[in-house]
Structure formats: C-alpha cells, structure tokens
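Got your viewer open? Let's take a walk through this one together, one selection at a time.

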Amino acid sequence: MEPVIRVVGLGKSYETAAGLFPALKGVDLEVRPGEFIAIMGPSGSGKSTFMNLLGCLDTPSSGDYFLAGQNVAHMDKDALAVLRNRTLGFVFQGFNLLPRMSLQDNVALPLVYSGADKETRRAAAREMLDKVGLGKYADSLPSRISGGQQQRVAIARALVNKPHLILADEPTGNLDSHTSEEIMALFSELNREGITVVLVTHEQDIAAHAKRQVRFLDGHIVSDQLTEAVPA
Amino acid sequence: MMLKAMLGEAWLAMGANRLRTALTMLGMVIGVGAVVIMMAIGQGAQYAVQQTISTMGSNLFIVLSGSFTAAGVRSGSAGGPTLNVADAEAIAELDGVVNVAPTHQGRRQLVYGSQNWSANVIGTTPPYLEARAWTIASGAAFGDSDVRSATRVALIGKTTAQNLFGDENPVGKTMRIQQNPFIVIGVLGSKGQNLDGNDQDDTVIIPLTTAQRKVFGTPFLGSVRMIMVQADSADNMQRVMDATSSLLRQRHRLREGVPDDFFMRNLAAAAESEAETTRTMSILLGAIASISLLVGGIGIMNIMLVSVTERTREIGIRMAIGARQKDILTQFLLEAVMISFAGCLLGLFLGLAIALAINAFTGMVIVISGTAALVAFAVAATVGIFFGWYPARKAAQLDPIEALRYQ
C-alpha cells in the first residue's frame, strides 16, 4: 500500500541572530495507512518542527514530503491551506478552540472553509460531537467545559472533514494523567477505525499507547521501533 | 468560504466588543452626517439664490443718465438729465433687445383713508413688467395708452397692499400719491427679497408719464434717469451693451475722447457672482465635511489594526484548519465594510434629521437630494474598503505557526 506520509531527506533551518540554525537535518520516514506512531524526543530535538512540516503549517528548507502521494514541499500557501482543511486533522496541545463560538460552530469551522452548506455543517458537527461524547454541550461556549472536554472538541473538529490522518502535537500536555488516559483511549479507538495517527509527546506512558515509537535527537531520528500497544 | 457564513462571523465579531464597534462607527456617523447636513445647507443656499435671481428677471442691464460737468462742477451718476424717452425707443430698435423700459423711481408717501405708508414708486412703461418678470396676482396691468395719456392708475406690490389696505381688496380703490389720486388697477404677484435683502413687494408701479408729471417732476419733458434693457440671451449681453453704448454716443453727439454721459450696469453679472459665491461656499462646506469622513475612515483602520493584533491567535487557528489567505482577507475586509456601512446608514438618518430640524427651527432653506445621499454612501463604502484593506491584508499574510504561537 502507498504510504500516507513519506519524507525524504527533510531539513529545516531557521534564521537566528547567531546565524542559520538547523532544527531538522535530513529526516527519512514512511508512515503506512493505519499506523499509530508516537514521536518522542527532548526539547529542541526537532520533533515539533517535524510535526509542523507534516501538518503543512510550514515548508521545509530541503528534502521532499509526499502526503498521500503528492509532493507538498513546494506548494504555495493556499494549496497547503486546502490540504490542512481536507487531507489531515491537527490537534494542538492548547486545544485552540475559538472562545466566542459554540462547540458546534467550532467543530463546523473547517467545513465553512471547504464550502459546505449550513445544513451539512450542522449535521456533521453534531455527528462528531456525539462521537466524542459531547453532543449535549453543542451550544455551550468552550469556556464552560473542562480541558479534557475541550481537547475532545478539538479532536471532533480535526475529524469533521473525515481525514485519513490525524496529527497531534502533545495533545495531553495540558491535561492531568486521568484525562490524558481518556484522550489516548479516544486516539486508540480512532486508530482502530482505520485512521492513521501521528502524535508528538515526551511522556513514555503516553507514547506507550502507540504501535510504533520514533525518537528524535538533535534533528535526527535516532530510533524507530515497533511496540505492543497497551490495551485501552 | 461562503459569504453568508462570513457575514454572520463579521456580525459576531462586531458584537464581541460592542462599545468599540459603536465608537468606531461614530466616526463614520459624524462624517456622513456632516456631509449630508453641509450638502443640504449648501444646496439650499444655491436654490435660494437661484430663486432670487429668477425673480429679478434675466439678461438685464441698466443705462443710467450720467454725470455732466458744468462750470467745473461734476455731478455724480444719474446727476443730470442726459437720457430721454427717445433714447429708449432707439435702443428698442437694436438687434437682440427684447424689452426696453425707461424708468424713474423714488420713495413717496401713500395715503388711503386713515392709513399712510411709504413705498418705492416706479414710473415706467409696460415692457418693464415683462423684463423684471412681474406677474399680476389680481386686477390687470396698465397699457401703452395709459402711458400716452398719463392716466392716474397704479399697480401695487403685496407688502404695500397689506400695509395700506389691510384685509380690503385694493383693486378699484383710490389712493393718493403726493396728493394726486390714483386708482389701483392691479396687485402684483409676490417676489420676496432681492439680492440686497430689500423687499421687492413694497412697490408701486405707475405709468412713466404720470410719474414725471404728477409725482417726481422732471427738468425737461421726456428726460429719464434710467433705462432698463433686456437682451434676448446671456451670450448676446455684451454685444447688446456695446451696441447700446455706441448708439447713445452717436445720439448724444459725443466726439472721440469725450467721456460717456451715461453709465451702464450689468445686473446679470451681479447675480452671477452671487450664484458663484454660494456655489463656492457649498463646495467648501462639502470639502470640510469630507475631512471628517476621512478621519472616520482612519478610525476604522486604527481599530481594525488593533483587532488584527488581538486576534492573531484566532487567525492562526483558522489558518491551521484550512482558511486560505483570501478567506482571512475577506473576513476582515467584510468587518470593516460592515462597520462603515452601518455607520453610513446611521449618519444618513442623523444628517437628514438634523437638516430637517434646522429647516424647522430656523427656516433656512435646505435641499435634500438623493444624489447627495448616494454619493455619501458610495464614499463610505470606498472608505471602508480602502481603510479596511491594509489591516485585512496584514491579517491574511500572517504566518500560521507564528500566529498560533502568539499569546
């Protein structure tokens, strides 16, 4: 099967006062459909930079990135926006819900940018909120629910355009251990349904939920091993 | 992204900080309101002047009997009897002359019953009424035969009629001017004030011959102080005036180098300059009001820039889930345009209300034109787009990762 993600010699450097700083130094990785991967590494290892590139939020300085067969390394901003909208779902550490919108409107927002009509948006947002168990709060504002619930809403938003790939950057970083377990259980469930999940974490017990662990250090991949997933 | 969804979001964003939105809008409200008021007043003034000019009669000039020098003593204008009725008749023969009326006027005391009143008495011939665009409200005008036989008949203006006759119908009544009885045969239609602010309706018009013999007296029979001439068009004015001048010099046997013994004054030119003055004032008022519109627009830009900075994170989130640059651009542009449109609409109503109030309380003439409202609206929309463009572009060009990191 064609890989969902294939990166070849991916590099990214930043301009700093001290000169060009290479955050990512030629990374090769393949992710096949249905995989559940945890990307680990200490701060400054390049894992977040790598995640931003995978999420089409940033463009690489060198190398190629094939997302679902398409090379996105040299696409323009608007083409990347369309990919972010339809091809993948992104979950952030800080949830990133819009505070003035109801949960339903938050979940429906990606559909607004893909041009769905009002009825479709409402129905799809409802379906996803029900899926993450928050359908009854559809009309509440994000500030009225807990952090764990907000992250569930964010996951519902990532899922609303039915992507085959979910990227999560430290999705449990702002949550307590009990809530973290719940969120990870949700990712495991989505993975069982066939969605490819790639998440960044620096906690071993979070990474333990994944089927494959990739470790970064100083902009390189230093280990890549399959693990036995902990039953949810 | 669909326009309907965007309008809803713009509305939401406007509602999120109501006081700020209202204050931003206030700039536009005042700007558009000022433009509407100033245009209403300026156009009202123009209208009023045009009305006054149209009551004066068009394409008129007057010839005044001039100064003459006797034993080194120079008289002023109209100081001596240098014009006569025959001059007037000769001028009437010139090309492009429509009406010629020799006139003689002065203030005289009128008496009717126990009432008396001082009015401007004009002795003239029937073409005068046509040249000055006088209408007859009731009764009838006098004719050439009245001038020939110097009958004692009079046409009186509305103000004179009210002061002398009160509620009575003046037509057919006999009043006295300088002890001489005159029958009032008609009442003139109202004209209001002239450009100098004098009441044109406080007037008595009588045949020229009667005026000279019974009221004013005259040094030589047939001499007149003033001849009013009406040309057939504004373009012909100067030509007719030149022709009149050379005709009079010839008739008065003035040799080359001898100064004119008459003066000519173009009444149309005076009216034109008055109209020009109000037009200039009107443009000036509009221009000053437009500045406040500009200031209002800058207010919108200012607030939109603040709004973009405040909502950097929101922009980042929107971009992360698939908003394209043009989606963000449209969103912020729409917000600016909505604020300026709403402000414009309120300003329009406020301006109209104030203009109507000015009219109601001061009686000042105002003219409200749809064009002015349309122009104000178009300008407001342009201001919204123009001043909303830069902040919206700034928002659209944000880098998604940096925007997401913004606290």
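Before we start clicking, one bit of vocabulary: two residues are in contact, or "touch", if their C-beta atoms, placed from the backbone, lie within 7 Å. Also keep in mind that what you see is a predicted model.

**Stop 1: V36 in chain B.** Select V36(B) and look around it. Which residues does V36(B) touch, not counting residues up to four places away in sequence? You should find G347(B), L348(B), G351(B), L352(B), A355(B), A372(B), A373(B) and A376(B). Now add I39(A) and V32(B) to your selection: together with V36(B), they have the most contacts inside the largest nonpolar core, which has 123 residues. Helix α2(B) brings the largest share of this core, 14 residues. Apart from this core lies another one, of 52 residues; V63(B), A119(B), I177(B) and F262(B) are among them.

**Stop 2: a pair of helices.** Stay in chain B and colour helix α2 (residues 18–56) and helix α9 (residues 267–310) of chain B. Their axes are 8 Å apart, and they pack at an angle of about 175 degrees. Angles over 145 degrees count as roughly antiparallel, so that is the word for how α2(B) and α9(B) run relative to each other. Sorted by class, their contact holds 22 nonpolar, 14 polar and three charged residues.

**Stop 3: the two domains of chain B.** Zoom out and give each domain its own colour: domain 1 of chain B covers 3–52 + 273–405, and domain 2 covers 83–260. How many Å apart do the C-alpha centres of these two domains lie? The answer is 56 Å.

**Stop 4: where the chains meet.** Next, show both chains. Here 20 residues of chain A are in contact with 17 residues of chain B. On the chain A side, α2 (77–86) and α3 (103–113) each supply at least two residues. The most comes from α2(A), with six residues. By class, this side of chain A has nine nonpolar, five polar and six charged residues.

**Stop 5: helix α3 of chain A.** Select α3(A) by itself. Is it mostly enclosed or open? With 11 of its 11 residues buried, α3(A) is largely enclosed by the rest of the structure. The buried residues of α3(A) pack against α2, α4 (118–131) and α5 (147–159) of chain A, together with α1 (3–16) and α11 (325–362) of chain B.

Now click on V107(A), which sits in α3(A). V107(A) has 30 other C-beta atoms within 10 Å, so this residue is buried. Leaving out residues up to four places away in sequence, V107(A) touches A125(A), M128(A), L129(A), V153(A), A156(A), R157(A) and V160(A). Try the distance tool too: from V107(A) to Y137(A) is 12 Å, C-alpha to C-alpha, and the two are 30 residues apart in sequence.

Just after α3(A), pause at G115(A), where phi is positive, about 85 degrees.

**Stop 6: two residues with positive phi.** Jump to E170(A), in the loop between β7 (165–169) and α6 (177–192) of chain A. E170(A) is not a glycine, yet has a positive phi of about 45 degrees. E170(A) counts as buried, with 20 C-beta neighbours inside 10 Å.

Finally, go to N59(B), in the loop between α2 and β1 (60–65) of chain B. N59(B) is not a glycine either, and its phi is positive, about 55 degrees. With 21 C-beta neighbours inside 10 Å, N59(B) counts as buried.

Note on methods
Residues numbered from 1 in each chain as written. Chains lettered and ligands numbered in written order. Predicted model: local features only at pLDDT ≥ 70, side-chain atom pairs only at ≥ 80, totals over all residues. Axes fitted to C-alpha atoms, helices over the stretch in contact; angles between N-to-C directions. Helix = DSSP H or I, 4+ residues; strand = E, 2+ residues; numbered from the N terminus. Parallel < 35°, antiparallel > 145°, perpendicular 65-115°, else oblique. Nonpolar A, V, L, I, M, F, W, Y, C, P; charged D, E, K, R; others polar. Core = buried A, V, L, I, M, F, W, Y, C linked by C-beta atoms within 7 Å. Buried ≥ 20, exposed ≤ 12 C-beta atoms within 10 Å, placed from the backbone. Domains from an automatic or database assignment.
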